[in-house]
Amino acid sequence: MSEIQIDPVSGVAYALHGPADGEPLMLTMPLMASQEAIFGAALLTMLDGYLSRLTDRYRVLLVDYPSIGASRDIPPEQLTAERVSADLLAVATAAGFERFSYWGYSWGGGVGLQLAGRSDRLKALVIGGWPPIGGPYKDIADAAERKQHDPEASSMVVLRSKAQYTQWIHYNRSVQLHWNEAEALARMRALPKLVFHGEKGDLVEAGIPVPIASLIRNHAARLRELGWELLEVPGVGHEACIKPELFVPALRAFLDHSLKSQ
């Protein structure tokens, strides 16, 4: 595994994979710089399923974020969309990325929208498991409020303490209350961008329906008008991200094509 480094500005731990002169690509959740330390050896196979299909050309930046792995703690109430965007741009700079492509899934996919709406440093955007239009930020925040005193065991594999779980409330409320979606989507119109999801990718969290796949389908025509490419992965749900063989080749082809003329 590549050596873990710490960005002194953001306190974010990161690791780089692939050729030093490769095309810069930030790859976020569900992949992390400290993948083995966080999840154990079992999920290294998943990580390799991504890296083995990308690192012949791409310089892949993995991060431990937010407040996971080797990264510095962030008080949960400080995890806002503005803070997240600033931290990830800072760690990109620390890694030597001036302009770069971004690829994230679920929460990491939503973060990609924030970066693209706030910065001109992205060259291409791939988001998975999150709808660019009408994202269920309120639903996720409401569900997190219901679960904050007893988070599911899968969350605690990543988080340092139950108290940290409230960061998802603060982050999603910050987007819900302060983000101008229409303005952000207009700003990124010329950016090459793709959204993908599992066919069965809607969720129910703490009894609250969280539409993801259905929102992307419902807004498909408008997304295409705004320049998005769409990919639906058949036969899987929100867990599609753990099966890179199902979609990484197609997304790699999208990135290769999109970056050809840049």
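Helices (H or I, at least four residues) and strands (E, at least two) are DSSP runs, counted from the N terminus. The views below show a predicted model.

**View 1. The whole chain has 11 helices and 10 strands.** The protein counts 262 residues, and 56% of them are buried. A compact globule of 262 residues would have a radius of gyration near 18 Å; the value here is 17 Å, so the two agree. Along the principal axes, the C-alpha atoms occupy a box of roughly 45 × 40 × 35 Å. Take the contacts with a sequence separation of 6 or more: 72% of them join residues 24 or more positions apart. The accessible surface is about 10,900 Å². Carbon and sulfur atoms hold 52% of that surface. There are 25 positive and 30 negative charges, and their mean positions lie 4 Å apart.

**View 2. The largest nonpolar core holds 54 residues.** Tyr-65, Leu-88, Trp-107, Leu-125, Met-188 and Trp-228 touch the most other members. Helix 3 (residues 81–94) supplies the largest share of this core, with 6 residues. Another core, of 29 residues, lies apart from it. Leu-25, Tyr-50, Val-60 and Val-236 are among the members of that other core. In soluble globular proteins, nonpolar side chains tend to be buried together.

**View 3. Tyr-65 leads into a cis peptide bond.** The bond from Tyr-65 to Pro-66 has omega near 0 degrees. Pro-66 sits in the loop between strand 4 (58–64) and helix 3. Beyond four places in sequence, Tyr-65 contacts Val-12, Met-29, Ile-74, Leu-79, Arg-83, Val-84, Asp-87, Leu-88 and Trp-107. Ser-67 belongs to the loop between strand 4 and helix 3. Its phi is near 50 degrees, a positive value in a residue other than glycine. Ser-67 has a relative accessible area of 2%, and the limit for buried is under 20%, so Ser-67 is buried.

**View 4. Met-29 and Pro-30 are joined by a cis peptide bond.** Omega is near 15 degrees for this bond. Pro-30 is placed in the loop between strand 3 (23–27) and helix 1 (35–39). Met-29 is also one of the residues that Tyr-65 contacts.

**View 5. Ser-106 has a positive phi without being a glycine.** The phi angle is about 60 degrees. Ser-106 is in the loop between strand 5 (100–105) and helix 4. Its relative accessible area is 23%, so Ser-106 counts as partly exposed.

**View 6. Tyr-171 is a buried residue of helix 7.** The relative accessible area of Tyr-171 is 1%. Outside a window of four places in sequence, Tyr-171 touches Leu-79, Thr-80, Ala-81, Val-84, Trp-107, Gly-110, Val-111 and Gln-114. Trp-107 and Val-84 also appear among the contacts of Tyr-65. Lys-123 is 48 residues from Tyr-171 along the chain, and their C-alpha atoms are separated by 25 Å.

**View 7. Helix 5 (residues 137–147) has several buried residues.** These are Tyr-137, Ala-141, Asp-142, Ala-143, Ala-144 and Lys-147. Asp-142 and Lys-147 are thus on the buried list along with the alanines. The buried residues pack against two helices: helix 4 (107–118) and helix 7 (167–178). They also pack against strand 8 (203–205) and strand 9 (208–210).

**View 8. Phe-97 is a buried loop residue.** Phe-97 lies between helix 3 and strand 5. Its relative accessibility is 5%, so Phe-97 counts as buried. Leaving out neighbours within four places, its contacts are Leu-16, Pro-24, Leu-25, Met-26, Arg-59, Leu-61, Ala-92 and Arg-121. Leu-25 is also a member of the core of 29 residues. Glu-23 and Phe-97 are 74 residues apart in sequence, yet 9.3 Å apart from C-alpha to C-alpha.

**View 9. Glu-232 is a partly exposed residue of strand 10 (residues 228–237).** Its relative accessible area is 35%. Beyond four places in sequence, Glu-232 touches His-197, Glu-199 and Arg-217. Phe-254 is 22 residues away along the chain, with 14 Å between the C-alpha atoms of Glu-232 and Phe-254.

Notes. Residues are numbered from 1 along each chain as its sequence is written. This is a predicted model: local features need pLDDT of at least 70, side-chain atom pairs count only at pLDDT 80 or more; totals for chains, interfaces and linings use all residues. Side-chain values use heavy atoms; hydrogens and water are left out. Buried means under 20% relative accessible area, exposed over 50%, partly exposed in between (1.4 Å probe, protein chains only). Contact means heavy atoms within 4.5 Å. The radius of gyration is taken over C-alpha atoms; the globule rule is 2.2 Å times the number of residues to the power 0.38. Accessible areas come from the Shrake-Rupley method with a 1.4 Å probe; for residues, only the protein chains shown count as cover. Lys and Arg count as positive and Asp and Glu as negative; His and the chain ends are not counted. The place of a charge is taken as NZ of Lys, CZ of Arg, CG of Asp or CD of Glu. A nonpolar core is a set of buried Ala, Val, Leu, Ile, Met, Phe, Trp, Tyr and Cys residues joined through side-chain atoms within 4.5 Å.
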